[in-house]
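Reader: I am new to this structure. Please take me through the backbone of the loops, and pick out whatever departs from the usual pattern.

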Amino acid sequence: MSAPIRKPSTDVQKDASMAKQKAMIDSNFDRLGNVKNSGEKVSYTFVPGNLNELVMCFDMVGNYPEINAIQNGLRKTSGGMIMEAEKWGHSEDVCTYVKADIGMMRKGNIGPTGQPIPEPDILMLSYTGCYTFLKWFELLRHDYKCETAMLHVPYTGDGVITKSMIDYVVKQLKEEVIPKYEKVSGVKFDIDRLRQNLAYSAQAEDDFVWVLESAKNKPSPIDAYFGGIYYIGPIFTAFRGTDLAVDYYKTLRTEIEERIRKGQGPITPEGEMKNEKYRIVTEGPPNYTSMREFWKMFYDEGAVVVASTYTKVGGTYDFGFRHDPSRPLESLAEYCLNCYTNRNLPERTRMLESYINNYEADGLLINSIKSCNSFAAGELMMMREVEKRTGKPAAFVETDLVDPRYFSAANVKNRLESYFQMIDQKRRAGV
Amino acid sequence: MATREEIVDRCQELYDDLNFTSARAWKDAEAGRHVIGFMPMYVPREIIHAAGMLPLGILGGGDQLEVIQGDAYYQSYICRIPRSTIELLLTERLNFVDGMLFPSICDVIRNLSGMWKLLRPDVYAHYFDVPQNYLRDVGGEFYIHELNVLKEGLEKISGRKVTDEALKNSITLYNENRKLTRELYKFRAEKPWLAPSSEIYLINRAGMLIPVEDHNVLIRDYINAAREEDRPKRDNSRVVLSGSFCEQPPLNLIKSIEMAGCYVVDDDYMLVNRWFTKEVPTDCDPMEALSYTFLEASVKMPSCFEPNEDIKGQFLVDTVRENGAEGVIFAAASFCDPALLERPILQDVLNLAEIPHVSFKYSENTGQMQPIREQAGTFADSIKLWS
């Protein structure tokens with residue numbers, strides 16, 4: 001019988017980097033909430049394929065609708081927003097990020113921190129690895145009637161990035177994106193400024209990859225999924241390409257070096273995880289509305305996530321990509337093309353296989369998200385392939401990103417407990 | 001000349017045949033022939049034809065295919081067409097296909113291309129990207145490259161080069177096919193009682209399965225035969241159907257809408273057969289011609305970005321006006337991202353134009369028609385009574 005679901009403690013333990021990260025994310029909301037006074041122009045864009053280094057060249061402040069939805073999910077306010085959007089005719093079948101965003105707008109566009117989210121001066125539609133993005137910003141444009149820059153990033157269907165793809169993206173940057181930003185912001189594009197921002201990115205990316213790969217240690221000093229979500233915050237959003245991000249990842253790295261030195265496990269909301277029993281690789285985004293409850297189901301069992309694909313949606317840096325100031329626009333193109341969901345299924349499968357092997361994981365857990373076809377369609381096939389190739393057991397749970405109606409704690413917990421038992425059995429059998 | 005019933009019966013037979021006997025027979029008729037399957041939306045069939053191959057539309061398994069294995073590959077919240085397509089593959093119904101193309105219609109079909117690669121690494125499977133930037137020197141250039149990648153992929157299968165002459169010949173044939181399809185639609189819009197939507201659907205569906213040369217003859221014969229008949233005209237409401245461009249509704253659903261009192265005067269089933277709104281030129285480089293026509297004369301549909309907000313959704317108002325329709329039925333497959341995400345915008349545009357509309361969802365194996373009939377019937381009645 002499944003153990004009862006215990007509510008997470010209300011006392012949350014955080015290390016210094018987490019506090020720093022939170023302050024950074026909050027500061028962007030402050031900036032957004034203050035544009036009426038500051039006069040800053042506002043650019044909306046997505047996490048995968050975001051062009052933060054470029055946007056900063058035009059002195060604009062970035063708003064990330066996905067991040068708003070996530071933050072609203074974590075604060076348990078997304079459910080009402082989703083239902084508000086459904087009331088306005090948005091189908092129950094489609095992405096809940098979109099509906100949380102539209103619902104927030106319909107309810108007065110007050111952001112997760114209680115500050116107003118300003119209207120966009122430009123929508124940067126970076127169509128990277130997710131079809132829904134295209135419709136999402138058409139929906140926002142329909143309401144805001146504002147400038148929209150479309151950047152079509154070709155899908156790497158054959159598993160390779162070709163010169164033609166890079167040229168196509170670069171041309172769009174030159175002929176579509178940059179001129180529109182110059183027009184909206186009134187700021188002339190300065191390629192040297194972009195180079196400087198890209199140099200900051202590359203520095204931060206080095207430390208970020210080191211952090212991710214620290215999970216190869218035993219015990220792992222980090223949780224690369226639940227903890228990883230905090231780690232990706234600055235580099236996936238408004239801070240990539242800034243010295244603040246460079247500083248954040250240095251701080252984080254120092255903290256983790258210290259944990260490795262002391263042989264410590266990851267910090268969970270209830271303190272250090274002492275006994276690493278299971279090393280898991282995850283595929284798919286997490287559930288945000290019950291994230292602590294979800295995480296607790298892992299750390300209570302001694303399960304740590306050593307690698308996750310979700311922390312690669314905003315860039316697959318651990319496979320070698322770095323922003324390159326010497327090839328600024330080409331580098332931005334390659335970044336977009338490299339994002340996780342822009343990779344084809346065989347490549348994604350190979351990536352999971354390599355994580356299982358390189359991080360000496362016990363198995364693969366897929367958290368399949370009802371809202372996200374970009375991730376979800378094909379995951380059952382990937383699961384079979386990874387099991388076949390690695391011999392490690394895999395499990396499949398289903399939740400949603402920010403719709404609380406699709407998180408069934410008892411079902412998920414049951415599955416996880418069965419899964420961990422399966423790993424035990426495999427171990428006993430010497431697999 | 002065949003009668004209308006004979007033509008429709010033949011098309012029904014093609015539609016019902018989940019073993020693709022006709023395409024198999026075409027392939028077996030001559031050594032060295034190849035068949036290339038493609039998923040819905042748009043692929044340049046001209047290139048496949050010019051390579052001496054048969055383009056074969058794979059539009060799911062319909063309501064007659066029992067999906068067993070396919071369901072094991074998909075979660076419940078994913079539409080039905082990929083699972084029935086996997087079922088067709090795993091039950092060897094598609095074992096004669098030499099290649100598969102997956103157009104960029106949505107994330108599900110996109111990911112299906114990767115599944116195909118994993119399941120059948122021995123068969124050519126290609127994700128066919130189309131540009132979302134419509135400038136000739138940007139999206140156009142990229143698209144020419146994509147067209148050439150496709151051409152080279154097919155050349156590897158056939159072992160022979162695709163010449164410009166062959167391409168121009170194929171473009172001419174498909175120009176004719178698109179022209180005839182538009183004539184067919186025009187004929188139905190003018191006299192819908194002579195050309196029921198279920199028949200038009202079957203005629204178009206046949207075009208996914210047989211050589212274009214035969215399909216051109218078939219459309220012509222149908223129009224001529226149907227025009228000569230005297231069929232009773234009903235006091236139906238004239239509607240446009242929107243949102244069914246990928247997973248296809250079961251034929252009974254199409255019939256049910258008509259039986260409920262609607263004449264469908266335009267629809268978006270199988271857009272590939274009328275994707276271009278003008279002829280593709282044959283007096284220039286064929287790849288440039290296909291590319292630029294795609295950029296400048298494609299139909300409007302949800303999988304393609306509309307750069308101009310001022311005209312977003314206007315195509316639906318235009319088709320309502322041009323075809324004398326009185327309302328729009330949004331019929332989308334369950335979990336269809338493009339159709340369902342687009343729908344609120346289209347509904348808003350229709351509201352501004354004071355065009356009534358109604359919405360429902362289906363899947364290709366929907367069996368219960370009564371709710372559809374009630375909804376469509378109430379909509380038709382409301383148009384008659386209140387519009």
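Author: What follows is a close look at a few loop residues, with chain B as a whole for background. The model is predicted.

Start with the usual pattern. Most residues other than glycine have a negative phi, and most peptide bonds are trans.

Now B:E354. This residue is not a glycine, yet its phi is positive, about 55 degrees. Look for B:E354 in the loop that runs between helix 13 (337-352) and strand 8 (357-362) of chain B. Is B:E354 buried or exposed? B:E354 has 8 other C-beta atoms within 10 Å. The cut-off for exposed is 12 or fewer. So B:E354 is exposed.

What surrounds that loop? Chain B has 14 helices and eight strands. Its radius of gyration is 20 Å, close to the 21 Å from the globule rule for 387 residues, so chain B is as compact as a globular protein of that length. Along the principal axes, its C-alpha atoms fill a box of roughly 60 × 50 × 45 Å. Of its 387 residues, 54% count as buried.

Turn to chain A. A:K76 is not a glycine and has a positive phi of about 60 degrees. Helix 4 (65-74) and helix 5 (78-87) of chain A flank the loop that holds A:K76. A:K76 has 13 C-beta neighbours inside 10 Å, so it counts as partly exposed.

Last comes a peptide bond. The one from A:K218 to A:P219 is cis, with omega near 0 degrees. A:P219 sits in the loop between helix 9 (191-213) and helix 10 (226-236) of chain A.

Note on methods. Residues numbered from 1 in each chain as written. Chains lettered and ligands numbered in written order. Predicted model: local features only at pLDDT ≥ 70, side-chain atom pairs only at ≥ 80, totals over all residues. Helix = DSSP H or I, 4+ residues; strand = E, 2+ residues; numbered from the N terminus. Rg over C-alpha atoms; globule rule 2.2 N^0.38 Å. Buried ≥ 20, exposed ≤ 12 C-beta atoms within 10 Å, placed from the backbone.
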